[in-house]
Each structure stands twice: as structure tokens, then as C-alpha cells.
Amino acid sequence: MISGIPVSEGIAFGKVLLIKQKDIMIKRKKILKEEIHLEIEKFKKSINYTIKQTKSIKKHAKKNLGEEKSNIFEGHIMILEDEEFSKDIIDLINDKYTAETAVKKIIEKQINEMKNIKSLYLRSRIADIKDIGKRLISNILKVNIKNLKKINKKVILISKDFTPSETSQIDVSNVLGFATELGGKTSHTSIIAKSIGIPAIVGVKNITKKVNNEDYIIIDSINNEIHINPKKNIITSKKKIKEKFLKEIKNLKMFKKLKAITLDGKIIKIGANINQISDINIAKKNGAQSIGLYRTEFLYIDKNTLPTEEEQFLTYKSMAKEMKNKEVIIRTLDIGGDKNCKYLNLPKEDNPFLGYRAIRIYMEKKTIFNTQLRAILRASKYGKLKIMFPMIISLKEIHFLKKELNNAKKELKKEKIQFNKNIKIGIMIETPAAALISNDLAKEVDFFSIGSNDLTQYTLAVDRGNQLVSDLYDPMHPAVIKLIKMVVKASHSHGKWTGICGELASNPNAIKFLLKIGIDELSVNSPDIPNIKKIIRNSYFQRKE
Ligand code: PEP
Ligand code: MG
């Protein structure tokens, strides 16, 4: 039995699919003259296979992501079918390079040529070229690369790590659960696992070395236990625990439709945190009264180019309409930290969580910000949208963000495009700096939302995604609690409301404290909503218990 950091509750039983993320190593660069024709044969077979493979990826993408996104792969197919592309590679093989080295050289040449192009769009195609090269070389070398979208049998995934975008691709009908070697309680990978509701344990030492494909495995994230090829009696006892767990979930069902009202009559608003439009259904089914946090970065990271204004507008508009008169808080792009966006070619950093992240990127890439603001404003006509800015540390930033928002409003007015002129704006309080100056910040905005995930990591100097320090990651640490109290007090003294959208909002041990300090909204992962409502309905708001 092994354990790690349980991040999403449940028990899963199934066969292992080990996802190896080896960097593709090219060991042999040159061949002998006599080997040339065999190498060309190998290349031709691999390119044909890669074309077939890409066609199937495209089909899958069309089904899951829609026509427009699947067209990215049409571009890949065109390049793979291009005779010039193959000819350049074959020429290099004739110069006695191995097929994989020849592909690598041609891909690198194309990337270098593209790097000098001015157009952001064309430069963003570099990610596509890299992707094509990786797929082709891995097929020549017969190495598997990760494609989580293509899993078509019921499995439990084991990997060193998953990026947040990979986790968001997981098809819950086939992936029963997962375990990884890296990650922390509130890393975005863990948050996504929670929001899609599959059992997951991260930070499991050496798990990729301890299992083989097709091993039978149990992931019990309720008790933090992983059993590899367990004995029958363990399977039987775990099945009983699962039954009990499912029964409890069933019992919680009745709370979905109920209000979160305390025993002394205070109603608390319960919102859902979502990462993509399809999460809205899950949120509504679980009884969300609002969307307290929409992490828009997932519109940007799971693709190869920036989403256009129109694409964003349509997404935000559908959300507004889906939620009807309930509010949707759209948080502007929070890229950086553990959420990378390959095509933006952001510099590699030693301390990404302390670096170029969220609004810090907007100052330089104003067009990206303007496009998003225009899209949100245009969609604001269709429902109750609010805008929220992440990673605030100063008043100066608020002035900049408000100025940009006003510019976007002016543009739309000039273009005679309608929008909600009085759209409410709020900020995430997720840095100690913001908490400490919350009294000044409260004068500038309509609401606060406490991001306890980041607030904890920045207050305690503990990386939220690092399993080595996960024991020190404590959102109930007196220092964090003190800051949270301070923020709620500051906002209320200016007549503004404060919600909390970090994972602390769904921690049963924190609810009483949050009620006591007068939190106005809790926004949590959808599967947690019924339990939170149940706890609130059994708690007092003011009376000491
Ligand atoms: C937070 O930091 O608590 C938060 C909700 O934002 P994210 O998890 O997306 O960083
Ligand atoms: Mg945050």
C-alpha cells in the first residue's frame, strides 16, 4: 500500500494506463550508406502512420471541441502531406542522417524561419510545427506520447505529472481516477480533478516505477491508499467503503435544491467554480446559485492560438444566457504560475508563481487584455456578468485595469455595440499585499473574492503545487486566517461584499469560521455544493455553539 496527497475524494478500481512522458531521446544520428534505403522506408511508413493518426485526432477533436478547433489538425495534415516537407527530410537521409535526426533538423529549420516573422498569428504556429515534429519522431522511434483525449477504454492513469490543460482533456467516461508523482493539494491539476469529480492522489513517490501497464489498482482517496494488484479481501473491503461513500453522496442529493440557510436564518450564497462552459451544467445540477469564479485561462491554454474576440464573446454570452438571472463572475486571464500557454512563448522562469503571471502580462500584451474585455462587455448584455481581476498587489494596478476597461467601453460605444455600462468589477484577494491594503482597494471596486489557494502559498512561502512542502501548506494557519478576517472587515466597512473562491471555501472545518466573520459568498467545485449546503444548514451564523 502506498499513499500521497489525496486531492479529489472517491474510490476507483481498474487497470493501469501508465503515461510515460519521456523526453524523446535521439540516440543515433548517422547511418551507413547501405542503411539509407531502409531508413527512407522507415520514414515513409511513419509519415503515413502519422497522417492517419492525425486524421483520427482531428475526428475526435471535432466531436469534443467543435469544428473550428479541429481545424488546427487539418493544418497538421496539410504539412504532413506536403511533398516538399517529405523531400527535404529524404534529402537529409540520403546524406546519411537517421530519419529521426532528419525530421528534427527540418522541424528546427522551419521553427527558426518562423521565429523571425512579425505576425503574432504566424509565430503562434510554431507550437503546431513542434507538435507535428514530436508526433512524427515518436512514431519513427515507436515511443508513445501522451494523448489523453484518445483514451478509449476504462483505465486509471498513472503519470509523473499532468499539466492543468492535460487534466482538463480527461474524458471522465473512461478515466476512472489518477495518481501522479508531483503536485500539491491546490495545484490546478488537483482542482480540476475535484471539479470533474474523479478520485485522484498526487505526490505519490515513485508511483510510475511501482506499477506496470495493465496492473490492477485501487485508488482510495478517501483513506489516502493506493493498492497495486491487491488481494481479494482488500478489493472486497474497498468495494464496501465505496458503496458507503456512494450512499452518502446519494443522501446529499436532497441538499442540491435547498438554500444554504443557517439555523439562525442567514442565507449564504453558494457559487460554483468552473473552468469551461460544459461545467455550467454540472454546476446547475449540483444547485449552484451563481458562478463565483470562471477561470478563463482554460479558453486559452488548450489550443494553439489565442481565442478571438468573437470566440470569447460567444462563450461568455452562452454562459450568461445559461445562468439566466444568476450572476457569473468572469475572471480575466490568469496565465503563468502552473498554467502555461505554449504559443504565447512566455519566458521560462525560476519562480513562475512569483513572476510573469496574470495582470502582470496585460501591461505588455494590452491587445490580449483588450480583446478579452471587449468580449466580456459585449456578452454582458445577455445576463448578469461581472468582471474580476486576478493577482492584485497595488492600487496602481487597479487604476491601470480600470483605465483599460474604460477604453474598451469607449471603443464599443463608438462602434455602437451594446453592453452593460454599469458592469460590476471585483478583484481577487490572493496576495498578502492585497489583503493588507484591502481597506484602500475596497474604495475602488465593487467586490472582493478571496483566493485562499494563492493567499496561503504567498503568505506561508509554500508552493501550492510542490509535494515536498505540502505538509506546510495550511490555509487555516493563523496568519492566513488573520488576513482573511482583515479583508472581510475592510470590504464591509465600505459597504462592499466579499466571497471566497479558493479551496478553503469547501473545507468543512473552515465553514464555521467563514460564517462567523460574515463571508457573503462561498464559491466551490460543483461536486462539493450539496455537502457545503448541508453543513451551513446545520450551523449558526451568529450564535456561539
Ligand atoms: C485562488 O488562488 O485561491 C484561486 C481561486 O485562484 P486559482 O486557484 O485559479 O489560482
Ligand atoms: Mg489564484
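Which of the 17 residues around ligand 1 come nearest? I looked this up first and found His188, Arg295, Arg331, Asn453 and Arg464. I count a residue as near if one of its heavy atoms lies within 4 Å of the molecule.

**Conventions.** I am working with a predicted model, where local features need pLDDT of at least 70 and side-chain atom pairs count only at pLDDT 80 or more, while totals for chains, interfaces and linings use all residues. Residues are numbered from 1 along each chain as its sequence is written, chains are lettered from A and ligands numbered from 1 in the order in which they are written, and side-chain values use heavy atoms, with hydrogens and water left out.

**Ligand 1.** I then looked at polar contacts (a pair of N or O atoms within 3.5 Å). The side chain of His188 places an N or O atom 2.8 Å from an oxygen atom of the ligand. For Arg295, I noted a polar side-chain atom 2.7 Å from a ligand oxygen. Asn453 uses its backbone instead, with an N or O atom 2.8 Å from an oxygen of ligand 1. Ligand 1 taken alone exposes 280 Å², and the protein buries 100% of that; the areas come from the Shrake-Rupley method with a 1.4 Å probe.

**Magnesium ion, ligand 2.** I found Glu430 (OE) and Asp454 (OD) as protein donors, 2.0 to 2.1 Å from the ion. Donors are N, O and S atoms within 2.8 Å of the metal (3.2 Å for Na, K and Ca); water is not among the atoms, so the site may look incomplete. The two residues are 24 residues apart: Glu430 sits in the loop between strand 12 (424–429) and helix 17 (432–436), and Asp454 in helix 19 (residues 452–460). Helices (H or I, at least four residues) and strands (E, at least two) are DSSP runs, numbered from the N terminus. Both donor residues are buried, that is, under 20% relative accessible area (exposed is over 50%, partly exposed in between; 1.4 Å probe, protein chains only).

**Cores.** I took a nonpolar core as buried Ala, Val, Leu, Ile, Met, Phe, Trp, Tyr and Cys residues joined through side-chain atoms within 4.5 Å. The largest has 88 residues, and Phe389 and Leu522 touch the most other members. Helix 15 (residues 366–379) gives the most to this core, with seven residues. A second, separate core of 26 residues includes Ile47 and Leu92.

**Ile137.** I located Ile137 in helix 6 (residues 126–140). Its contacts (heavy atoms within 4.5 Å), leaving aside neighbours within four places in sequence, are Ile24, Ile26, Glu100, Val103 and Lys104. The C-alpha atoms of Ile137 and Glu100 are separated by 5.4 Å, with their positions 37 residues apart along the chain.

How values were computed: A polar contact is a pair of N or O atoms within 3.5 Å; within protein, one must be able to donate a hydrogen and the other to accept it, and residues adjacent in sequence count only if both atoms are side-chain atoms.
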